[in-house]
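In these notebook entries I follow the salt bridges of one model, taking the partners in turn and asking how accessible each of them is.

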Amino acid sequence: MADPTPPQPAPGGAPKPTPPPAAAVTKAPLKKDETRIAPPQKVYVPRPGMMDQVRDSQIWRSIFRHGYPNTVRNRSLTVLSNVFLHLHPVNVRTSGLRLSFTWCMGGLTFFLFLVETITGVLLMFYYRPTGEYAYRDIIALGEHVPMGIMREIHRWAAHAMVITVWLHMFRVFMTGSYKPPREFNWNVGVILLVLTLLLSFTGYLLP
């Protein structure tokens, strides 16, 4: 429908143009390049190398549980989770220092192992592992050899070491310390338990 008001003449005498209606305004057609959908770009993801796969494995993470100790927290966690350094950690709770918590079976077992090693090396100089002299040397160790009590120290330390190893493994099992990421410690402990029993059995057969 046309506008009923006629166009007013401009001051200069020429009529003033009227703008086109809103329906008549149309957009220019899009070009073909603008309507095309770009294909998804492929993102290059490098494949993990052999060392990366080894570091991500459960065995590696159970042995090396923390990265480089560059912070106070990482240093504390590294020491606390270490097989050898956990006896004297950097930071522990007061409850962790109580004798009733760990029973000190790990430290006692290691102390008895040192006693066995020292006395065993000294006893090697007086013992001949043959069928003819084995029993005679055992008797001579207790009656004639100076410091003959060393053989008794070695024998009782062996018995005590078997007891402390079993108690240590029992404590680890009851407190759940064998669970990840400490399964490597548990496997090492089982191997040491078997070796302790085998060495104790061979010691019983020497006389």
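I began with Arg155, which I found to be partly exposed, since its relative accessible area is 32%; I keep in mind that the model I am reading is a predicted one.

Next I looked up which side chain Arg155 meets, and I noted a salt bridge with Glu152 at 2.7 Å from N to O. Both residues belong to helix H8, which covers residues 149–174, and they sit three residues apart there, about one turn of the helix. Glu152 is itself partly exposed, with a relative accessibility of 28%.

I then checked what else Glu152 does, and found that it also forms a salt bridge with Arg151, for which the closest N and O atoms are 3.7 Å apart. That distance still counts because the rule accepts a nitrogen within 4 Å of a carboxyl oxygen. Arg151, Glu152 and Arg155 are therefore joined into one network, through salt bridges that share partners.

My next entry concerns Arg128, which forms a salt bridge with Asp137, their closest N and O atoms lying 3.0 Å apart. Are these two partners buried or exposed? I wrote down that Arg128 is partly exposed at a relative accessible area of 42%, whereas Asp137 is buried at 6%. Asp137 earns that word because buried means under 20% relative accessible area.

Finally I asked how many salt bridges the rule gives for this model, and I recorded that the count comes to three.

Methods. Residues numbered from 1 in each chain as written. Predicted model: local features only at pLDDT ≥ 70, side-chain atom pairs only at ≥ 80, totals over all residues. Heavy atoms only, no water. Buried < 20%, exposed > 50% of the residue type's maximum accessible area, 1.4 Å probe, protein only. Helix = DSSP H or I, 4+ residues; strand = E, 2+ residues; numbered from the N terminus.
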